[in-house]
Amino acid sequence: MLLQSMRLDKFLKLSRIIKRRTVANESCDNSYVSVNGRAAKASHDVKPGDVIEVTYGSRTMRFRVLSLNENAKKADASEMYELLGE
């Protein structure tokens, strides 16, 4: 089922960018995640076209949201976003 918007923490988990939703929540709470250049809370609604930046230690990865799929299988998870760089 494709959606118009989805919570940021849920998107990060379903797309397999972050493996667990609790870790996604903590990352948002600690300002390691931003959407379109602004720090975002876990409850922030992401939409297709948004650019998400996730900081892992000294690395920062950027992703563009392509689709929001409520029931993404592991094989389909990478189709939910486009990697823009590190």
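## Lys-10 and helix H1

At 23% relative accessibility, Lys-10 counts as partly exposed, because that value falls between the 20% limit for buried and the 50% limit for exposed. The model described here is a predicted one. Lys-10 belongs to helix H1. Its C-alpha atom is separated by 10.0 Å from that of Leu-68, a residue 58 positions apart from Lys-10 along the chain.

Helix H1 covers residues 8-14. Lys-13 also has its place in this helix and is partly exposed, with a relative accessible area of 33%. Asp-9, in H1 as well, counts as buried at 1% relative accessibility.

## The five-stranded sheet

Five strands make up an open sheet in the order E3-E2-E5-E6-E7, and their pairing is antiparallel. The edges are strand E3 (38-39) and strand E7, each of which pairs on one side only.

Strand E2 (residues 33-35) pairs with strand E5 (residues 51-56) in the antiparallel sense, over three bridges. Val-33 has Val-54 of E5 as its bridge partner, and Val-35 has Ile-52 of E5. On the pairing of E5 with strand E6 (residues 59-65), there are six bridges, again in the antiparallel sense. Here Ile-52 stands opposite Phe-63 in E6. Ile-52 is thus named in two pairings: with Val-35 and with Phe-63.

## The E5-E6 hairpin and the loop before E5

E5 and E6 form a hairpin that has two residues between the strands. Gly-57 is in the turn and has a positive phi of about 60°.

Ahead of E5, Asp-50 is placed in the loop between strand E4 (45-46) and E5. Asp-50 counts as buried, at 9% relative accessibility, because the limit for that class is under 20%. The C-alpha atoms of Asp-50 and Val-35 are separated by 6.6 Å, with the two residues 15 apart along the chain.

## Salt bridges

How many salt bridges does a search of the whole structure find? The search finds five. One of them joins the side chains of Arg-21 and Asp-9, at 3.2 Å from N to O. Arg-21 lies in helix H2 (residues 21-29) and Asp-9 in helix H1, so this pair ties together parts that are twelve residues apart in sequence. The two partners fall into separate exposure classes: Arg-21 is partly exposed at 33% relative accessibility, whereas Asp-9 is buried at 1%.

Another salt bridge is formed by Glu-53 and Arg-62, whose closest N and O atoms are 3.4 Å apart. Glu-53 is partly exposed at 27% relative accessibility, and Arg-62 is partly exposed with a relative accessible area of 35%. Arg-64 and Glu-82 also form a salt bridge, with the closest N and O atoms 3.2 Å apart. This pair links distant parts of the chain, since Arg-64 is in strand E6 and Glu-82 in strand E7 (residues 81-85), 18 residues apart. Arg-64 is partly exposed, with a relative accessible area of 31%, and Glu-82 is partly exposed at 33% relative accessibility. Elsewhere, salt bridges with shared partners join Arg-7, Asp-9 and Arg-21 into one network.

## A positive surface patch

Which residues form a positive surface patch? The members are Lys-13, Arg-16, Lys-19 and Lys-74. Lys-13 is in helix H1, while Arg-16 is in the loop between H1 and H2. Patch members need over 30% relative accessible area and no salt bridge. Lys-13 has a relative accessible area of 33% and Arg-16 one of 35%, and Arg-16 is partly exposed.

## Positive phi outside glycine

Most residues other than glycine have a negative phi. Arg-16 has a positive phi of about 65° although it is not a glycine. Ser-31 is likewise not a glycine and has a positive phi of about 60°.

Both residues are in loops: Arg-16 in the one between H1 and H2, Ser-31 in the one between H2 and E2. Is Ser-31 buried or exposed? With a relative accessible area of 52%, Ser-31 is exposed, because the value is over the 50% limit. Arg-16, at 35%, is partly exposed.

Methods: Residues are numbered from 1 along each chain as its sequence is written. This is a predicted model: local features need pLDDT of at least 70, side-chain atom pairs count only at pLDDT 80 or more; totals for chains, interfaces and linings use all residues. Side-chain values use heavy atoms; hydrogens and water are left out. Two strands pair if DSSP finds at least two bridges between them. Helices (H or I, at least four residues) and strands (E, at least two) are DSSP runs, numbered from the N terminus. A salt bridge is a side-chain nitrogen of Lys or Arg within 4 Å of a carboxyl oxygen of Asp or Glu. Buried means under 20% relative accessible area, exposed over 50%, partly exposed in between (1.4 Å probe, protein chains only). Patches are made of residues with over 30% relative accessible area and no salt bridge: like charges are joined within 9 Å, nonpolar side chains (Val, Leu, Ile, Met, Phe, Trp, Tyr) within 5 Å. Accessible areas come from the Shrake-Rupley method with a 1.4 Å probe; for residues, only the protein chains shown count as cover. Lys and Arg count as positive and Asp and Glu as negative; His and the chain ends are not counted. The place of a charge is taken as NZ of Lys, CZ of Arg, CG of Asp or CD of Glu.
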